[in-house]
Amino acid sequence: MSCYIDAFMELFWHSILPHIEIDQIASQTGNPLDNIMAGAFVLVKQGFRLDASTQMRNFVYKNIKELYFPKQPPYEQGNMYDVVDFAMDYMEQASEQFRAMFQYKCSRYNMCFEDTEHCWFMPDDTVRNTPLFITFIPSVVDKFHLSTSSDQSAHAITHLIGYPRLKQQCIYCQKLAYQYKLPHNDPAFVFVIDKLGAVPNRTDNIIFPYIIQLYSQRYQLHAMIHSTSRTGIHYKTTAVIHNNGGCFLACLDNLSKPGITVITENVNEFYFHFSSNHSSLQKKLKII
Ligand SMILES: [Zn+2]
């Protein structure tokens, strides 16, 4: 019943921690969650993935009633919890410096029905120091898959995020408009939640890398956590794993042996293809 912790950590080890200075952050902040993350990552890099998982589980169970997870029902050993809830809780309790790795700006977006030129962001930026979680709706993502204009992407993201829209007057022509509070810049990492179960559970059906355009940035699917049933009975992580200058796609499940199953070694081909065509393609999309 610890797979919600394992799956979250596997995603971080393979897709996020290699891209941020977690050692530096942990030594500066002294935050216990930063520290345990950095310490476990050292074990992973030394080849002790299962020891790292054990360390992380013990940390979570030991601290369930302590300061670090104050708002949650306690994460008790032997019980099952939702991986998204756990991910959000964990990141909320990590240090401000750690959360700054995921920060983005938020603004009100004016969507006018009279004139598309009135569809734009209003200048009221507020910085959000929390990771961006958006809801995955495949038909909408596909529709805007190749969009290059930030205007179209803003339309797409209004659907993706599903924030309540406010019926108001357009700030330019006073006709009917909707207003949304939306992320305005390009966060380094985006977490996508598939509430509808639209993404297939079978790993051989998953397209890696899946590219979507949000604003001016292209995001690439790098890892996903999926459950074996809609009730989330068991979580597994599928991730692109970098190794000795190359990379491969594998499914990680620490409660089964051998714990890691290689799905394909051909991920390099995708990566080389895209990196040669899109020099800015460095951002990652995560589905959890
Ligand atoms: Zn207008």
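## Starting at Gln-168

Which residues does Gln-168 touch, not counting those up to four places away in sequence? In this predicted model, the partners are Ala-177 and Gln-179. Gln-168 itself sits in strand β5, and with 14 other C-beta atoms within 10 Å it comes out as partly exposed, because buried would take 20 or more and exposed 12 or fewer. There's also a longer-range pairing to look at: Asn-110 is 58 residues away along the chain, and its C-alpha lies 9.0 Å from that of Gln-168.

## How far to trust it

Confidence is mixed. The protein chain has an average pLDDT of 72, with 62% of the residues at 70 or above. Go element by element and helix α2 (residues 22-29) has the highest mean, 95, while helix α9 (residues 267-277) has the lowest, 46. Residues 139-151 are below 50 too, and the model gives that stretch 20 contacts beyond near neighbours in sequence.

Another stretch to flag is residues 271-285, where pLDDT stays under 50 and the model has 25 contacts beyond four places in sequence. Where pLDDT is low, the predicted coordinates shouldn't be read in detail. That's worth keeping in mind when you look at the contacts in either stretch.

## The overall picture

The protein chain holds 9 helices and 13 strands. Of its 288 residues, 33% are buried. Taking the contacts with a separation of 6 or more, 65% are between residues 24 or more positions apart.

## Helix α1 and its partners

Helix α1 covers residues 3-16, which is 14 residues, and runs 19 Å from first C-alpha to last, close to the expected 20 Å. How many of its residues are buried? The count is 14 of 14, so α1 is mostly covered, given that burial here takes at least 20 other C-beta atoms within 10 Å.

One partner is helix α5 (residues 83-93): the two axes come within 9 Å and cross at roughly 60°. That angle makes α1 and α5 oblique to each other, and their crossing is right-handed. On the α1 side the contact uses Tyr-4, Ile-5, Ala-7 and Phe-8; on the α5 side, Val-83, Phe-86, Ala-87 and Tyr-90.

Helix α4 (residues 49-62) also packs on α1, at an angle of about 125° with the axes 10 Å apart. This pair is oblique as well, and the crossing is again right-handed. Here Ile-5, Asp-6 and Met-9 of α1 meet Ser-53, Met-56, Arg-57 and Val-60 of α4. Ile-5 is therefore listed in both contacts, with α5 and with α4. As a reminder, an α-helix has 3.6 residues a turn, so residues three or four places apart point the same way.

## Two glutamines in loops

Gln-174 is in the loop between β5 (166-169) and β6 (176-183). What is unusual about its phi? Gln-174 has a positive value of about 70° although it isn't a glycine. Most residues other than glycine have a negative phi. Gln-174 is also exposed, because it has just 11 C-beta neighbours inside 10 Å.

Gln-103 is in the loop between α6 (96-100) and β1 (104-112). With 17 C-beta neighbours inside 10 Å, it counts as partly exposed. Pro-187 is 84 residues away from Gln-103 in sequence, yet the C-alpha atoms of the two are 6.1 Å apart.

Definitions and conventions:
Residues numbered from 1 in each chain as written. Predicted model: local features only at pLDDT ≥ 70, side-chain atom pairs only at ≥ 80, totals over all residues. pLDDT = per-residue confidence, 0-100. Helix = DSSP H or I, 4+ residues; strand = E, 2+ residues; numbered from the N terminus. Contact = placed C-beta atoms within 7 Å. Expected span 1.5 Å × (residues − 1). Axes fitted to C-alpha atoms, helices over the stretch in contact; angles between N-to-C directions. Parallel < 35°, antiparallel > 145°, perpendicular 65-115°, else oblique. Left-handed = near helix turned anticlockwise from the far one by under 90°.
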